Amino acid sequence: MLGTRPDISFVVIKMSQFTANPSQEHLDKAMHIFRYLASTQNYELVYKGGQNAESLMGFTDSDWAADLAMR
């Protein structure tokens, strides 16, 4: 999910908090996620390379917001 479907990473992590005791609302939300996945299964990210193409750049906060002033 983190590498292949970053669009759902937050909701999957959030829903996993309720796996021990899910309510009907949680099951309804899970069904909503499944419907979203079914409707977007053919979506894809395409990165085209070449000599004149701009390079892909990514950033991460690897210290999990340890900087109290700027997090």
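**Two helices and their surroundings**

The protein contains two helices and zero strands. The structure shown is a predicted model. Of the 71 residues in the protein, 10% are buried. The accessible surface comes to about 7,000 Å², and carbon and sulfur atoms account for 58% of that surface.

Helix 2 is a suitable place to begin. This helix comprises the 16 residues 24-39. At 1.5 Å a residue, helix 2 should span 22 Å, and its end C-alpha atoms are 23 Å apart, so the expected and the modelled lengths agree.

Which residues of helix 2 are buried? They are H26, A30 and I33. These residues lie on the same side of helix 2, because they cover an arc of only 55° around the axis. On the other side of the helix, Q24, E25, H32, R35 and S39 are exposed. Helix 2 therefore has buried residues gathered on one side, while exposed residues are found on the other. The cover over the buried residues of helix 2 includes helix 1.

Attention may now turn to helix 1 and the residues that precede it. Helix 1 is formed by residues 9-16. In the segment before this helix stands I8. Is I8 buried or exposed? Its relative accessible area is 8%, and since buried means under 20%, I8 counts as buried. The chain also brings I8 into relation with a distant part of the sequence: I8 and Y36 are 28 residues apart along the chain, and their C-alpha atoms are separated by 9.3 Å.

A charged pair, R5 and D7, comes next. These two residues form a salt bridge, in which the closest N and O atoms are 2.9 Å apart. The count of salt bridges comes to one. The partners do not fall into one class of accessibility: R5, at 19% relative accessibility, counts as buried, whereas D7, at 42%, counts as partly exposed. The value for R5 lies under the cut-off of 20%, which is why R5 is classed as buried.

Finally, the surface has a nonpolar feature to consider. What makes up the nonpolar surface patch of about 250 Å²? The patch is made by F10, V11 and V12. Of these residues, V12 is found in helix 1. V12 has a relative accessible area of 31%, and so it is partly exposed. Helix 1 thus contains V12, a residue of the nonpolar patch, and helix 1 is also included in what covers the buried residues of helix 2.

Technical notes: Residues numbered from 1 in each chain as written. Predicted model: local features only at pLDDT ≥ 70, side-chain atom pairs only at ≥ 80, totals over all residues. Heavy atoms only, no water. Patch = residues over 30% accessible without salt bridge, like charges linked within 9 Å, V, L, I, M, F, W, Y side chains within 5 Å. Areas by Shrake-Rupley, 256 points an atom, 1.4 Å probe, with all protein chains shown as cover. Salt bridge = Lys/Arg side-chain N within 4 Å of Asp/Glu carboxyl O. Helix = DSSP H or I, 4+ residues; strand = E, 2+ residues; numbered from the N terminus. Buried < 20%, exposed > 50% of the residue type's maximum accessible area, 1.4 Å probe, protein only. Expected span 1.5 Å × (residues − 1). Arc of directions from axis to C-beta. Contact = heavy atoms within 4.5 Å.
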